[in-house]
Amino acid sequence: MSIEQRGRMPLDYNPVVLPGSVLRFRGPLEADRQPSIVCIGGSETFGRFIDAPFPAQLNEHRDQPVLNLGVMNAGLDVLMTDHAILGALDAADAVILQIISAHNMSNRFYTVHPRRNDRFLTASTMLRTIYPQVDFTEFNFTRHMLTQLHDLSADRFEIIRTELEAAWTARMIRFLKHIAAPVHLLWLSNRAPDTGASGDMSTDPLFVTTDMLNQVARHATSLTVVTPDGVEASDTLQGKYFGPKDEAAARLLPGPKLHALATEELLRKL
C-alpha cells in the first residue's frame, strides 16, 4: 500500500508497560538493557502516526540503545512523576527532552489528570471567579476549555496564559536541574518558536514562547529546533498512518521528514 494513500489502517504501536508505571510506552523496548539515551516528550516523541519516529531512527545509528519514553499528549506532570521515566533518567548517559506544551499541567487555575495530562479535571476558585458565567463541568479536555475561555474574553485569558507560561518555565528549569545526565532539548513542531498567534490553540507546543525557550535552554546541554521551513508543509499527510477519524490530528503533527531532520541534527550533538 502506498504511504501517500489516505484512510490507511493505523499503526500498531506495540504498547509496552514498564515496571513502576501504568503508562503504555511505544514498543518494542529493550527493557532488559540499561539505556544510554532516553527520549522523553509528548506525542511527537512517541511518534503518533509515524512508522519510525526520531528515537527509533537514533537507535539505528547509535551503538548504545535508545529508549523511547514519549507519552501521548504528555504534560510536565507525568514526565516529572512517573517512576519508570524517572528511573530511566537516573540511569541514562544522555537525555533528549522534547519541548512540550504549557497547557497540559496542573496550575493555580485548574487541575489535570495525573497521567493523561490533556484531561481537564477541576477548575480552581480563582478560575471560577474570573469566569463566573462558565460551567466547567462541560469540559473534558484542557485545549477545548482554554479555547472557549479565550473566545469568551481575550483580556481575561491573558491572566491564565501568563500563569501557564511562568509555571511551565519554572518547572522545566527545576526538572532539568534534577537530571544528572546531559539534556538535549528538542523543539519538534510544525511552527517555529517565534510564530503562532495568541489565539491559535491548534499547534503545539502551546503557549511556549521564544523567551521561555531561551530561559530553559540555559540549563541544558543543547537546543535543537526543527520546523518545516523548506522541509515539508505543515498540513502534509505524506508518510503518516492514521484512521479515517484522525486526519485532522495527523495534519497537526510533524511528519517523517521532520523526524529524519531531527535525527540528523541530534546525532551531531550526542
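Helices α2 and α10 are oblique to each other in the predicted model, since their axes cross at roughly 45° and an angle counts as oblique when it falls outside the ranges for roughly parallel (under 35 degrees), roughly perpendicular (65 to 115) and roughly antiparallel (over 145). The axes of α2 (residues 54-61) and α10 come within 9 Å, and α2 passes α10 in a right-handed crossing. On the side of α2, the contact is formed by Phe54, Gln57, Leu58 and His61. The residues contributed by α10 are Pro256, His259, Ala260, Ala262, Thr263, Leu266 and Leu267. Seven of the residues in the contact of α2 with α10 are nonpolar and four are polar, and no charged residue takes part.

Helix α10, which spans residues 256-269, also lies across strands β3, β6 and β7. Relative to β7, helix α10 runs at about 160°. These three strands belong to an open sheet of five strands, in which the order is β2-β1-β3-β6-β7 and the pairing is parallel. The edges of the sheet are occupied by β2 (66-70) and β7 (222-226); each has a single partner strand, so one side of each is left without a neighbour in the sheet. On average, neighbouring strands of this sheet are turned by 20° against each other, direction ignored.

Within the sheet, strand β3 (residues 94-98) and strand β6 (residues 183-188) run parallel and are joined by four bridges. Val95 stands opposite Val183 of β6. Val183 is also in contact with Thr221, a residue located in the loop between α8 and β7. Leaving aside neighbours within four places in sequence, the contacts of Thr221 are Pro182, Val183 and His184. Thr221 is 45 residues from Leu176 in sequence, whereas the C-alpha to C-alpha distance between the two is 10.0 Å.

Leu176 is one of the α7 residues that meet helix α8. Helix α7 (residues 154-177) and helix α8 (residues 210-217) pack with their axes 9 Å apart and at an angle of about 20°; the two helices are therefore roughly parallel to each other. The crossing in which α7 passes α8 is right-handed. From α7, the contact includes Glu165, Trp168, Thr169, Met172, Ile173 and Leu176, which meet Met212, Gln215 and Val216 of α8. By class, the residues of the contact of α7 with α8 divide into six nonpolar, two polar and one charged.

Helix α7 packs against helix α6 (residues 142-152) as well, with axes that come within 6 Å and cross at roughly 140°. This angle makes α6 oblique to α7. Leu146, Leu149, His150 and Leu152 of α6 form the contact with Ala154, Arg156, Phe157, Ile160 and Leu164 of α7. The contact of α6 with α7 comprises seven nonpolar residues, one polar residue and one charged residue.

With regard to confidence, the chain averages a pLDDT of 91, and 91% of the residues score at least 70. Over residues 1-8, by contrast, the pLDDT is below 50. This stretch nevertheless has 17 contacts in the model beyond near neighbours in sequence. Where pLDDT is low, the predicted coordinates should not be read in detail.

Note on methods:
Residues are numbered from 1 along each chain as its sequence is written. This is a predicted model: local features need pLDDT of at least 70, side-chain atom pairs count only at pLDDT 80 or more; totals for chains, interfaces and linings use all residues. Side-chain values use heavy atoms; hydrogens and water are left out. Two strands pair if DSSP finds at least two bridges between them. Axes are lines fitted to C-alpha atoms, for helices over the stretch in contact, and angles run from 0 to 180 degrees between N-to-C directions. Contact means heavy atoms within 4.5 Å. A crossing is left-handed if the near helix is turned anticlockwise from the far one by less than a right angle, and right-handed if clockwise. Ala, Val, Leu, Ile, Met, Phe, Trp, Tyr, Cys and Pro count as nonpolar, Asp, Glu, Lys and Arg as charged, and the others, Gly among them, as polar. pLDDT is the predictor's confidence in each residue, from 0 to 100.
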